[in-house]
Amino acid sequence: MHKRALGAAAVTGVAALALSACGGSSPTTPSNTGAAGTSKATTSGTPETPSGTAAPVRDANVDLVIWTDADRSKAVQKYADQFAAENGVSVKVQISTDTRAQFKDATKVGKGPDVIVGAHDWLGELVQNSTVAPVNLSSDVAAKFLPSAIAATKFNGQSYGVPYAVENIGLMYNKDLVPNPPKTMDELVATGEKLVKEGKAKQVLSQFVSKVGNAYFAYPYLSAFPDGGIFATKDNGDYDPNKLIVNSAGSVKGGEVLAELGKKKVLSTNVDDTNQDALFDTKAAPFMISGPWSVAKAKDAGINYGIAPLPSLTGGGAMQPFLGIQMFYVSSKAKNAALAQEFVTNYIPRKDVQLALFEVGKRPPALKEAYDEVAASDPDVKAWYEAGVDGKPMPNIPAMNSVWGPFGQATADIISGKAGAKERLDAAAKEIAANIAKG
């Protein structure tokens, strides 16, 4: 299981969002002849893995270096080989175990990659540290992507990457126990409690909470209410770091729902990434709030599952998840910036590349043409997309790094009954604002 830390969550003790990856493409050995028929095209053939947790060591003689995680490395290698052969250049794909931190440090000393693969919510920090460059994606090519995916690649109106996948959470349900998914949380709770009373389940819902909370999974409860959420947005749609709304009237209403669900034992701080999937996969819980990374385990367990949008909350609307967009960035210190731009803007928007990357984790492709193709034959992909169709991209502003720990812990305390929703969210807002002020 691959884990992606949410913002500064890894250093504040907040549990990371678990993401699985399944499968991948085998690397392709390139032709020895470049596109012009004269230059020699060379690649590593197989993604290079550094020892331990050290950053990959850049070969100064390589024209283009790409850093990615282990899950996507084989798929990226295949197209890196093609790019090398077609352009008569040398390309090396390297596996980074802590891409964002290693990239920042390596770039400072001129030993970083030319291209990195990562999450869109890294963007604000990377721009702030002057480590990524704007990408030259034409408007006609940008129009071929899902609007939410393109929006996530922008910071202060400037595009800094090319997206390849979109991910979000939704409601998974056991179709043998619940033929039709509930539309509201009240219906979900009533159905689950009935199954528990009948001895067909042990608990109503499996959702990642943990002792320190999980802001990513808690956010949709706030988003169901007007003005609920974390940051307000500017007129242009960008998140405003100066307008924190974690303790707005809408957010407090969402917090009160968390409190009520905690009181009813529907949500529990005893559920985290170590047991969330198992509760659903052993039929202990008929419902689970999770994402595409949970599908493989459910299939292996033989669960007859369905996927649906998150339910609505009484007094509000439908819970809306954050969208996470995976993308390719170009380093601001790329050895050959033109080559890096060429790979990112001309290869990643290709349908075959998007489809290959889709096979690695089954997240809906960001390219509309690729999404349409897989959605036509894979009902899960269509269902995940529909579960997030009204969601907003996770904030990619640097201020978000100040949110994960305090907000997550606040929601855990609300669910466990240690504190009331308003007082605890007020305290979290003060802590977050102080963290932002400290930079």
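What share of the contacts in the chain with a separation of 6 or more comes from residues 24 or more positions apart? The figure is 76%, and the views below, all taken from a predicted model, pick out some of the places to look.

**View 1. The whole chain, before zooming in.** Here we have 439 residues, of which 58% count as buried. The chain runs through 17 helices and 18 strands. Salt bridges come to 16 in the structure, and a few of them get their own panels further down.

**View 2. The largest nonpolar core, with Tyr 221 in the middle of the story.** This core has 71 residues, and the members touching the most other members are Leu 205, Tyr 221, Ile 230 and Phe 407. Helix α8 (residues 215-223) gives the core its largest share, seven residues. Now follow Tyr 221 outwards, skipping its neighbours within four places in sequence: its contacts include Met 185, Leu 205 and Gln 207, then Gly 254, Val 257, Leu 258 and Leu 261. Further along the chain, Tyr 221 also meets Leu 267, Ile 289, Leu 313 and Met 319. A separate core of 50 residues lies apart from this one, and Val 141, Val 353, Leu 355 and Val 374 are among its members.

**View 3. Helices α9 and α16, packed against each other.** In general, a pair of packed helices is described by the angle between the axes and the distance between them. For α9 (residues 249-263) and α16 (residues 404-416), the angle is about 45 degrees and the axes are 7 Å apart. That angle makes α9 oblique to α16. On the α9 side, the contact is built from Gly 255, Leu 258, Ala 259, Gly 262 and Lys 263, while α16 brings in Thr 411, Ile 414 and Ile 415. Sort the residues of this contact by type and you get four nonpolar, three polar and one charged. Leu 258 is worth a second glance, since this residue of the α9 contact also turns up among the contacts of Tyr 221.

**View 4. Arg 424 and Asp 413, a bridge between two helices.** The closest N and O atoms of this salt bridge are 2.9 Å apart. Arg 424 belongs to helix α17 (residues 421-438) and Asp 413 to helix α16, so the pair ties together parts that are 11 residues apart in sequence. How accessible are the two partners, then? Arg 424 has 15% relative accessibility and counts as buried. Asp 413, at 12%, counts as buried too.

**View 5. Asp 69, Asp 71 and Arg 72, a salt-bridge network.** Through shared partners, salt bridges join Asp 69, Asp 71 and Arg 72 into one network. Within it, Asp 69 pairs with Arg 72, with 2.9 Å between the closest N and O atoms. Asp 69 and Arg 72 are both buried.

**View 6. Glu 198 and Lys 194.** This salt bridge has its closest N and O atoms 2.5 Å apart. Glu 198 has a relative accessibility of 39%, which makes it partly exposed.

**View 7. Helix α12 and what its buried residues pack against.** Six residues to find in helix α12 (residues 337-346) are Leu 339, Ala 340, Gln 341, Phe 343, Val 344 and Thr 345, which are buried. The buried residues of α12 pack against strands β4 (64-68), β6 (115-119), β10 (161-167) and β17 (322-331), and also against helix α2 (70-87).

**View 8. Lys 92, a buried lysine in a strand.** Look for Lys 92 in strand β5 (residues 90-95). Its relative accessible area is 14%, under the 20% cut-off, so Lys 92 is buried. Glu 48 sits 7.8 Å away, C-alpha to C-alpha, though 44 residues separate Lys 92 and Glu 48 in sequence.

**View 9. Two loops with a positive phi.** Most residues other than glycine have a negative phi. Ser 130 has a positive phi, near 55 degrees, and lies in the loop between α4 (123-128) and β7 (132-133). With a relative accessible area of 48%, Ser 130 is partly exposed. Lys 362 also has a positive phi, about 60 degrees, and is found in the loop between α13 (351-361) and α14 (368-377). Lys 362 is partly exposed, at a relative accessible area of 29%.

Terms used. Residues numbered from 1 in each chain as written. Predicted model: local features only at pLDDT ≥ 70, side-chain atom pairs only at ≥ 80, totals over all residues. Heavy atoms only, no water. Axes fitted to C-alpha atoms, helices over the stretch in contact; angles between N-to-C directions. Helix = DSSP H or I, 4+ residues; strand = E, 2+ residues; numbered from the N terminus. Parallel < 35°, antiparallel > 145°, perpendicular 65-115°, else oblique. Contact = heavy atoms within 4.5 Å. Nonpolar A, V, L, I, M, F, W, Y, C, P; charged D, E, K, R; others polar. Buried < 20%, exposed > 50% of the residue type's maximum accessible area, 1.4 Å probe, protein only. Core = buried A, V, L, I, M, F, W, Y, C linked by side-chain atoms within 4.5 Å. Salt bridge = Lys/Arg side-chain N within 4 Å of Asp/Glu carboxyl O.
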